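Hi,

Here is the structure I promised to send over. Have a look at it first, then read on for what turned up.

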There are 2 protein chains.
Amino acid sequence: MKFAKNLIERRISTEQVFSGKLLDVRRDLALLPDESKSTREWIKHPGATAIIPVFENGDILLLHQFRYPLSQIFIEVPAGKLDPGETPDQTGIRELAEEAGLQCTQFDYVGHFYPGIGYSDEIIHIYLAQGLSEVPEKTDDDEFVEPFRVPFSQAVEWALNGTISDGKTIISLLKAWDWWQKNTIR
Amino acid sequence: MKFAKNLIERRISTEQVFSGKLLDVRRDLALLPDESKSTREWIKHPGATAIIPVFENGDILLLHQFRYPLSQIFIEVPAGKLDPGETPDQTGIRELAEEAGLQCTQFDYVGHFYPGIGYSDEIIHIYLAQGLSEVPEKTDDDEFVEPFRVPFSQAVEWALNGTISDGKTIISLLKAWDWWQKNTIR
């Protein structure tokens with residue numbers, strides 16, 4: 001344990017050690033606060049957007065989705081990675097249509113967070129979508145997901161009691177619930 | 001968008017495509033629900049434990065830590081990866097001493113979550129530590145961290161208002177706060 005006043009590490013060099021369909025893995029040489037050198041391995045990520053679609057009656061839409069790394073079906077909020085050139089809100093509108101089959105008249109920014117600061121530069125932007133209706137023509141993005149509706153308050157309970165265990169979904173629900181309580185007149 | 005009743009993907013083969021000091025990257029061939037085949041890239045992770053140390057007066061201990069992938073200093077809960085053979089609670093007790101210089105008389109399991117289900121099998125276990133005292137002999141684990149104390153309720157506000165943006169810290173604080181409110185007589 002070193003309580004250094006200067007915590008900053010500086011990049012000396014960088015190298016791409018794996019480039020796949022999904023993952024871009026880097027290995028850098030870094031200068032540490034005590035002037036020693038060390039390697040830093042990390043994932044370069046384009047960022048992502050998560051959306052909480054809230055219906056008029058207070059239900060929200062969630063998804064069942066199988067996740068290969070854990071070989072489990074998770075309860076998730078609709079979400080997806082930014083395509084090249086996309087802004088976070090554009091990604092949100094696109095994913096809302098692709099994963100939930102929905103469009104909206106109100107789309108509010110709730111906040112952002114970093115899911116894996118130890119080994120990834122990923123940022124996740126959170127939006128709340130209201131004024132929902134079904135999209136006229138459904139797009140097919142080859143994702144296997146099963147949407148379902150649940151009261152917002154029930155989903156928040158699931159985020160706290162362990163029923164929901166996906167990190168981005170827990171944070172999106174708890175931050176969006178806090179935002180919604182403060183910003184919605186019902 | 002495909003609403004398939006069967007969401008399960010099955011592993012056909014697996015290959016380690018990068019093995020570094022920190023990261024173990026795999027590329028698998030998977031059989032999808034519609035019988036097509038696709039590659040799945042993911043990080044194999046040993047799991048981690050996060051700890052909320054709560055003092056008698058209601059303060060908790062947090063850390064300032066620089067994170068290389070984002071080149072930023074974050075506010076974090078003490079946390080660390082499981083060493084080989086360690087159980088999650090053993091990791092928690094070790095990290096509490098190493099990162100915070102503390103030992104405890106009460107160590108309660110709060111829950112767990114998965115921070116990056118899209119490309120990592122990482123699980124993070126959350127514990128709440130009470131009955132805190134300084135460890136007699138401080139260990140040195142070569143980590144540059146700066147601990148500080150803050151009221152638990154203030155940290156929860158930071159987790160919701162964006163002051164804290166590290167995913168594991170947001171979830172650990174909000175789940176531990178909920179647990180603490182329900183399980184502590186004050």
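Keep in mind that this is a predicted model. I'd start with the largest nonpolar core, which has 82 residues. Inside it, the residues with the most contacts are Ile52 and Leu173 of chain A, plus Ile52(B) and Leu173(B). In general, nonpolar side chains tend to be buried together in soluble globular proteins.

Try clicking on Ile52(B). If you skip its neighbours within four places in sequence, Ile52(B) is in contact with Ile60(B), Val77(B), Leu128(B), Ala129(B), Ser172(B), Leu173(B) and Ala176(B). There's also a second, separate core of 12 residues, and Leu23(A), Val25(A), Ile43(A) and Tyr119(A) are among them.

Next, find helix α2 of chain A, residues 152–161. Which of its residues are buried? They are Phe152(A), Ala155(A), Val156(A) and Ala159(A). These four sit on the same side of α2(A), because they cover an arc of only 105° around the axis. Turn to the face pointing away from that buried side and you'll meet Ser153(A) and Asn161(A), which are exposed. As for what covers the buried residues of α2(A), that includes β5 (59–67), β12 (145–151) and α3 (167–183), also from chain A. Right after the helix comes Gly162(A), with a positive phi near 100°.

Last thing: how is chain A divided into domains? The domain assignment gives domain 1 as 10–43 and domain 2 as 48–183. Taken over C-alpha atoms, the centres of domain 1 and domain 2 of chain A are 31 Å apart.

Cheers

Definitions and conventions. Residues numbered from 1 in each chain as written. Chains lettered and ligands numbered in written order. Predicted model: local features only at pLDDT ≥ 70, side-chain atom pairs only at ≥ 80, totals over all residues. Core = buried A, V, L, I, M, F, W, Y, C linked by C-beta atoms within 7 Å. Buried ≥ 20, exposed ≤ 12 C-beta atoms within 10 Å, placed from the backbone. Contact = placed C-beta atoms within 7 Å. Helix = DSSP H or I, 4+ residues; strand = E, 2+ residues; numbered from the N terminus. Arc of directions from axis to C-beta. Domains from an automatic or database assignment.
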